[in-house]
Amino acid sequence: MNQRTGPSATRAVLFRRKSVEDLVAHGGEGEGGHLKRSLGLGQLTTLSIGATLGSGIFVVLGQAVPVAGPAVVISFILAGVTALFSALSYAELAGMIPLSGSSYSYTYATLGELIAWVCGWCLVLEYGVSVASVAVGWGQYLNELLNLLFGFGIPDALSQPPGDAGGVVNLPAIAVVLLAMFLLLGGAKESARANFVMVVVKVATLVLFCAIAFTAVKAGNFKPFLPLGLAGMSAGGAKLFFSYIGFDAASTAGEEAKNPQKDLPRAILLSLGIVTLLYCLVAVAAVGAFPWQKFDSNEAALSQVLTSIVSNKLWSILLAIGAIVAISSVVLTVLYGQTRILFAMSRDGLVPKFMSKVDPKSGTPKINTLVVSVFVALLAAFIPLGKLADATSIGTLFAFGLVNVAVILLRRRSPDRPRSFRVPFSPVTPLLGVACCLYMMFSLDVETWIVFGGWMLLGLGLYFGYGIRKSELARRT
């Protein structure tokens, strides 16, 4: 049999695609078992809210205000609109290809294996590193609570990674990741129940914060509204985009949803709307009650605001408790998403097969969950994340851009395939999504781009060293 050689053969290998039918046919299938379909609309929506609501308000707000000033409110809207264009595309593809791989699977069906790997590698950065970053923020709020209650906190040596404020090991980060791991090992339905309770607590906490902060709002705190210009507002939006990455977590539950075709699109869009509204309300309340110049990149920014406007420590204590619960929910749901993406990549042969082995009792990828959790816990405990955490925004934006492109390509290649949701005004809306993602990417600094480039080179090395040979498609040829 004659085989193609040369550049055309190389292109055929690198851009080989899995059909939508093939992807969907193997949905839920793992090594030795199947994932259980146990999640309804409410659980999927709170899963998405749980992954999103927390990092932006409780951790990143304090870093964005010094960059954007009072215009941080518009920065949230800018980041939210950018997320919305991509969310619409996610909603269409999630209903059409309801798989754990999320955007990785969508690009596999449209842009080919190499691009799918790059997208999956971006998702590893998005989910894995962001979990570690948020776990570090959890420790900051835990110390805040301990100081409020007892007048002391965990020493820096035991609550910071090495090289950061005299840190040796970040024990709180390890604790919250391992707690999430034990919940996930119990099963998707049990984890979703725990997440639902945590989401209710953190929404109530943010509503409480707004009710208190609005009593201290001063019009003068909004002047000048754009002290650092449009560039500052854009830079703030780029930083805050990190706080929207969770909405796609619902799409990683595609193989565990009871009615994925209908519920996944609804959950994605509903959760994004709820989160954006809460973000903007809290941002207005925080900046209105506390001069933007006094925000000092404190990762416990809301507690800082509340402490400055009320003398009763009870409210600050309640906020700190709410923040701890909120960030725990983010760690739980984003860690869930990471395990499901690697599950899909393992099933396709691009990462080792043990990552897709399903425990018959719990219906979860048990080994996958253990490996990912331990890795993330060690990352948060011992590695100063620095610009690698900032690079999660680029990785996310890149993946979102690919999802918008995938919608356009599938509309052309499979125009008659049933879709439970359709992006309005396509291809204009997906193209706007691509444009917004590019704009936000180029708003980030050069150092972040360099780190992202290094991450991509590492990923390509892994693909050409392992994935290209072990891929399921490679075995079929």
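In this predicted model, helix α6 is followed by Gly 112, a residue whose phi is positive, near 100 degrees. The helix that precedes this glycine, α6, spans residues 103–110 and is mostly covered, with 8 of its 8 residues buried. These buried positions comprise Ser 103, Tyr 104, Ser 105, Tyr 106, Thr 107, Tyr 108, Ala 109 and Thr 110.

Helix α6 belongs to a protein that has 19 helices and 2 strands. The radius of gyration is 22 Å, close to the 23 Å that the globule rule gives for 477 residues, so the protein is as compact as a globular protein of that length. Taken along the principal axes, the box filled by the C-alpha atoms has dimensions of roughly 80 × 45 × 40 Å. Burial extends beyond α6, in that 60% of the 477 residues of the protein count as buried. When contacts between residues at least 6 apart in sequence are considered, 84% of them join residues at least 24 apart.

The packing of two helices can be described in detail. Helix α10 (residues 188–213) and helix α12 (residues 260–289) have axes that come within 9 Å and cross at roughly 35 degrees, and the crossing of this pair is left-handed. On the α10 side, the contact is formed by Val 203, Leu 206, Phe 209, Cys 210 and Ala 213, which meet Leu 278, Leu 281, Val 282, Ala 285, Ala 286 and Ala 289 of α12. Sorted by class, the contact of α10 with α12 contains 11 nonpolar residues, with no polar and no charged residues.

Aromatic side chains provide a further set of interactions, and the structure holds 15 aromatic pairs. One of these joins Tyr 90 and Phe 247, whose ring centres are 5.6 Å apart and whose planes stand at 85 degrees, so the pair is edge-to-face, an assignment that applies to planes over 60 degrees apart. Because Tyr 90 lies in helix α5 (residues 72–96), whereas Phe 247 lies in the loop between α11 (229–240) and α12, the pair ties together parts that are 157 residues apart in sequence. Both Tyr 90 and Phe 247 are buried.

Another ring pair is formed by Phe 442 and Trp 449, with centres 5.2 Å apart and planes at 25 degrees, so this pair is stacked, the class given to planes under 30 degrees apart. Phe 442 counts as exposed because its relative accessibility is 61%, which lies over the 50% limit for that class. Trp 449, for its part, is partly exposed, with a relative accessible area of 27%. Ring pairs also link Trp 117, Trp 121, Trp 455, Tyr 463 and Phe 464 into a cluster.

The surroundings of one loop proline were also examined. Pro 415 is found in the loop between α16 (387–413) and α17 (428–441), where, with a relative accessible area of 44%, this residue is partly exposed. If residues up to four places away in sequence are not counted, Pro 415 touches Leu 410 and Arg 422. Between the C-alpha atoms of Pro 415 and Thr 429, which are 14 residues apart in sequence, the distance in space is 17 Å.

Notes
Residues are numbered from 1 along each chain as its sequence is written. This is a predicted model: local features need pLDDT of at least 70, side-chain atom pairs count only at pLDDT 80 or more; totals for chains, interfaces and linings use all residues. Side-chain values use heavy atoms; hydrogens and water are left out. Axes are lines fitted to C-alpha atoms, for helices over the stretch in contact, and angles run from 0 to 180 degrees between N-to-C directions. Helices (H or I, at least four residues) and strands (E, at least two) are DSSP runs, numbered from the N terminus. A crossing is left-handed if the near helix is turned anticlockwise from the far one by less than a right angle, and right-handed if clockwise. Contact means heavy atoms within 4.5 Å. Ala, Val, Leu, Ile, Met, Phe, Trp, Tyr, Cys and Pro count as nonpolar, Asp, Glu, Lys and Arg as charged, and the others, Gly among them, as polar. Rings of Phe, Tyr and Trp (its six-membered ring) pair if their centres lie within 6.5 Å; planes under 30 degrees apart count as stacked, over 60 as edge-to-face and the rest as tilted. Buried means under 20% relative accessible area, exposed over 50%, partly exposed in between (1.4 Å probe, protein chains only). The radius of gyration is taken over C-alpha atoms; the globule rule is 2.2 Å times the number of residues to the power 0.38.
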